[in-house]
Amino acid sequence: QVQLVESGGGSVQAGGSLRLSCAASGSILAIGAMGWYRQAPGKQRELVAAITSGGTRNYLDSVKGRFTISRDNAKNTVYLEMNSLKPEDTAVYYCNADVVNRLGGRRDYWGQGTQVTVSS
């Protein structure tokens, strides 16, 4: 069993910053790509940022230059540093990880989601 536990969401004013964390635990042999998605009310879930095990990053165009994704492979943790937040960043943020478990199985896992609210 693998679990992803997120933390760091909250409410901020426009222009503020937040840092999200997501720690994976359980029967983990290896983790490939990790990422952050978000879903605003009435909208589809979208990929915000992703990072491979080797450190290659990609970002949603609207967050480039404001958000930074990073990971600590020793801690099986992925982070999302969010600066210059805008009201349109308001959403539930979910982390995702491509996990190989100790039985050799491989699948995506999701965190429970953390609310980010940016007020104008």
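In this predicted model, tyrosine 93 is in contact with Glu6, Leu20, Trp36, Tyr37, Arg38, Val48, Phe67, Leu80, Met82, Gly113, Thr114 and Val116, neighbours within four places in sequence being left aside. Tyr93 also belongs to the largest nonpolar core, a set of 30 residues, where it ranks with Trp36, Phe67, Val78, Leu80 and Met82 among those with the most contacts inside the core. Strand E9 gives this core its largest share, 5 residues. At least two core residues each come from E9 and from seven further strands, including E1 (2–7), E4 (28–39), E5 (46–51) and E11 (114–119). In soluble globular proteins, nonpolar side chains tend to be buried together.

Strand E9 also holds one end of a disulfide: cysteine 95 lies in E9 (residues 91–101), while its partner, cysteine 22, lies in E3 (residues 18–26), and the two are 73 residues apart, so that distant parts of the chain are linked. The sulfur atoms of cysteine 22 and cysteine 95 are 1.9 Å apart, and a search of the whole structure finds 1 disulfide. Both cysteines count as buried because their relative accessible areas fall under 20%.

| Cysteine | Relative accessible area |
|---|---|
| Cysteine 22 | 0% |
| Cysteine 95 | 0% |

The pairing of E9 continues with strand E10 (residues 106–110), to which it is joined by 5 bridges in an antiparallel arrangement. Within this pair, asparagine 96 has tryptophan 110 of E10 as its bridge partner. The two strands form a hairpin with 4 residues between them, and glycine 104 in the turn has a positive phi of about 95°.

Methods: Residues are numbered from 1 along each chain as its sequence is written. This is a predicted model: local features need pLDDT of at least 70, side-chain atom pairs count only at pLDDT 80 or more; totals for chains, interfaces and linings use all residues. Side-chain values use heavy atoms; hydrogens and water are left out. A disulfide is a pair of cysteine sulfur atoms within 2.5 Å. Buried means under 20% relative accessible area, exposed over 50%, partly exposed in between (1.4 Å probe, protein chains only). Two strands pair if DSSP finds at least two bridges between them. A nonpolar core is a set of buried Ala, Val, Leu, Ile, Met, Phe, Trp, Tyr and Cys residues joined through side-chain atoms within 4.5 Å. Contact means heavy atoms within 4.5 Å.
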